[in-house]
Amino acid sequence: MLASLRRKVASGRSSASILGKSLQAIRPGVSASRVSSNAGKEMLSVQLRGIAHVWNFSHLVLPGCSAGLTKTRDAICIIQPEAIMQTSCRAFSSGDGDLVDAVVPFMGESISDGTLATFLKKPGDRVKSDEPIAQIETDKVTIDVVSPQDGVIQEYVAKEGETVEPGTRVAVISKSAEGVAAAAPTEKKSEKAASEPSPAEAVKEDKPKAKVEASPAAAKPKAPSPPPKRTASEPVLPPKERERRVPMTRLRKRVATRLKDSQNTFAMLTTFNEVDMTNLMKLRSDYKDAFVEKHGVKLGFMSGFVKATVSALQHQPIVNAVIDGDDIIYRDYIDISIAVGTSKGLVVPVVRDADKMNFAEIEKTINNLAKKANDGTISIDEMAGGSFTISNGGVYGSLLSTPIINPPQSAILGMHSIVSRPMVVGGTVVPRPMMYIALTYDHRLIDGREAVFFLRRIKDVVEDPRRLLLDV
């Protein structure tokens with residue numbers, strides 16, 4: 001009918017007469033006010049299908065009928081705001097703003113996801129702003145999820161062991177304890193209702209039981225089959241109950257992948273030498289008290305080996321370089337990576353610009369990085385980069401080893417334990433504190449000549465630290 005009316009109006013006929021005739025045809029004998037009211041009601045029903053149709057109908061059909069037009073606009077004004085409010089006022093948080101979400105923070109440019117390792121708090125515990133409530137384990141570091149505001153943990157929406165990305169909701173924090181208190185009775189009621197079956201379910205459960213009880217009488221018991229006989233050549237394995245299967249941590253998987261990639265990529269070769277630690281140990285013994293008093297840190301062997309490594313890298317810059325495709329990248333800076341073993345795995349923090357540091361600055365930096373690594377608070381930036389690595393297996397008692405290159409570097413120095421051994425000095429056999437040192441290098445880039453000269457330079461500087469002062 002609407003289409004018919006539009007066609008007639010478009011043809012130039014009187015709108016009032018068209019409307020009157022059309023409505024009289026539908027219901028003859030209806031008064032003008034009744035017609036206007038019915039027209040408004042009809043347009044209300046049409047509005048439910050789309051406000052645009054009603055608007056078009058009011059303009060096309062009723063240009064001269066003021067009463068019908070007024071009611072149509074009133075109906076549009078009444079219904080349209082309500083429809084808009086229903087569409088635009090959807091709440092994205094609780095109505096009173098009492099609940100806030102704790103989400104996974106940004107984890108670094110090279111890290112896209114992590115594993116939710118453990119929860120540090122329980123639902124119902126009160127937490128403060130920026131207080132850690134959970135830990136996320138990534139390929140490199142462990143990151144804390146903190147509470148955005150003071151409040152009470154209402155619930156955890158993520159589970160331990162799940163893979164999460166930055167922005168993922170982990171927990172819901174209630175600014176007041178009312179949200180937690182109100183949620184507790186509801187949960188108890190829902191658990192109780194779930195545990196009690198409905199009468200209809202109870203009847204359904206009783207019927208199968210009767211059938212099941214009758215079936216054993218008819219069925220004959222089967223004789224147990226004898227266990228398979230073992231042959232003499234078949235090995236006897238321990239039972240599975242004595243084995244435990246534990247998933248690898250993300251850090252352990254990352255370390256395993258990088259070490260295997262290193263073996264598959266580099267043409268690794270290791271050369272060895274031994275160092276007489278007498279003079280370095282004497283230097284440490286003579287000045288350790290004065291060193292602590294002035295710098296506030298103990299004088300260790302690592303600072304001496306870092307300074308010796310810096311001198312060796314300056315004499316053999318090829319060891320500080322790396323292969324990139326068909327090119328060789330020479331690094332004009334010296335960043336020394338120090339391998340640190342933690343309870344969660346191996347991490348390699350970096351001492352930046354080691355060539356510009358003195359003994360005290362190196363000791364302070366290494367102690368600070370080692371503390372952060374063991375506490376799990378070390379950042380990704382503190383482990384990124386590095387042009388050469390030193391691994392001190394001697395702290396665990398290792399006598400000799402062949403370290404694996406830390407990509408994308410080209411060499412790694414291995415330190416070992418100090419052992420008193422008989423050595424020939426000036427034609428006389430005397431006991432000396434000796435240490436084996438090892439250099440594993442990429443033979444595609446570094447020849448044996450440069451590798452031996454590099455290791456020999458470290459030996460010369462450690463055995464006579466005065467060379468550092470004279471640069472000889």
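Here is a friendly exchange about helix packing, enclosed spaces and backbone geometry in this predicted model.

Visitor: Let's start with helix packing. Is H10 parallel, antiparallel, perpendicular or oblique to H12?

Guide: Happy to help! Two packed helices are described by the angle between their axes and the distance between the axes. Here the axes of H10 and helix H12, residues 448–463, come within 8 Å and cross at roughly 140°. Angles over 145 degrees count as roughly antiparallel and 65 to 115 as roughly perpendicular, with the rest, apart from those under 35, called oblique. H10 is therefore, relative to H12, oblique.

Visitor: Which class of residue, nonpolar, polar or charged, has eight members in the contact of H10 with H12?

Guide: On the H10 side, the contact includes Phe 305, Ala 308 and Leu 313, while H12 brings Phe 454, Arg 457, Ile 458, Val 461 and Val 462. Three residues of this contact are polar and one is charged. The class with eight members is nonpolar.

Visitor: And H11, what is the handedness of its crossing with H10?

Guide: The axes of H10 and H11 come within 9 Å, at a crossing angle of roughly 115°. Phe 301, Met 302, Ser 303, Gly 304, Val 306 and Lys 307 of H10 meet Phe 359, Ile 362, Glu 363 and Ile 366 of H11. By class, that contact has six nonpolar, two polar and two charged residues. As for handedness, the crossing of H10 past H11 is right-handed.

Visitor: How far apart in space are Phe 301 and Arg 284, C-alpha to C-alpha?

Guide: Phe 301 belongs to helix H10. Leaving aside residues up to four places away in sequence, Phe 301 touches Met 277, Leu 280, Met 281, Arg 284, Glu 363 and Ile 418. Phe 301 and Arg 284 are 17 residues apart in sequence, and their C-alpha separation is 8.1 Å.

Visitor: Now for the open spaces. Which element gives the largest share of the lining of the second largest pocket?

Guide: This pocket holds about 650 Å³ of space. Its lining has 28 residues, and the closest to the centre are Leu 283, Phe 359, Pro 465, Leu 468 and Leu 469. Helix H9 (278–295), helix H10 (301–315) and helix H13 (466–470) each give two or more residues to the lining. The largest share, nine residues, comes from H9.

Visitor: How many residues in that pocket's lining are charged?

Guide: The lining of the second largest pocket divides into three classes, with 12 nonpolar residues and seven polar ones. The charged residues number nine.

Visitor: What about enclosed space: how many charged residues line the largest cavity?

Guide: The whole structure has four cavities of 30 Å³ or more, and the largest cavity holds about 40 Å³. Its lining consists of Leu 280, Gly 304, Phe 359, Val 461, Val 462, Pro 465 and Leu 468. Six of these residues are nonpolar and one is polar, so under the class definitions the charged count is zero, or no charged residues.

Visitor: Last, the backbone. Which two residues does a cis peptide bond join?

Guide: Most residues other than glycine have a negative phi, and most peptide bonds are trans. Asp 353, in the loop between strand S15 (350–351) and helix H11 (359–375), has a positive phi of about 50° although it is not a glycine. Pro 408 sits in the loop between strand S16 (388–392) and strand S17 (411–425). With omega about 10°, the cis bond joins Pro 407 and Pro 408.

Technical notes. Residues numbered from 1 in each chain as written. Predicted model: local features only at pLDDT ≥ 70, side-chain atom pairs only at ≥ 80, totals over all residues. Heavy atoms only, no water. 1 Å grid on protein atoms, 1.4 Å probe; cavity = no way out; pocket = protein on both sides within 12 Å on 5 of 7 lines; lining within 4 Å. Points joined across faces, edges and corners; volume = space filled by probe spheres on them. Helix = DSSP H or I, 4+ residues; strand = E, 2+ residues; numbered from the N terminus. Axes fitted to C-alpha atoms, helices over the stretch in contact; angles between N-to-C directions. Contact = heavy atoms within 4.5 Å. Left-handed = near helix turned anticlockwise from the far one by under 90°.
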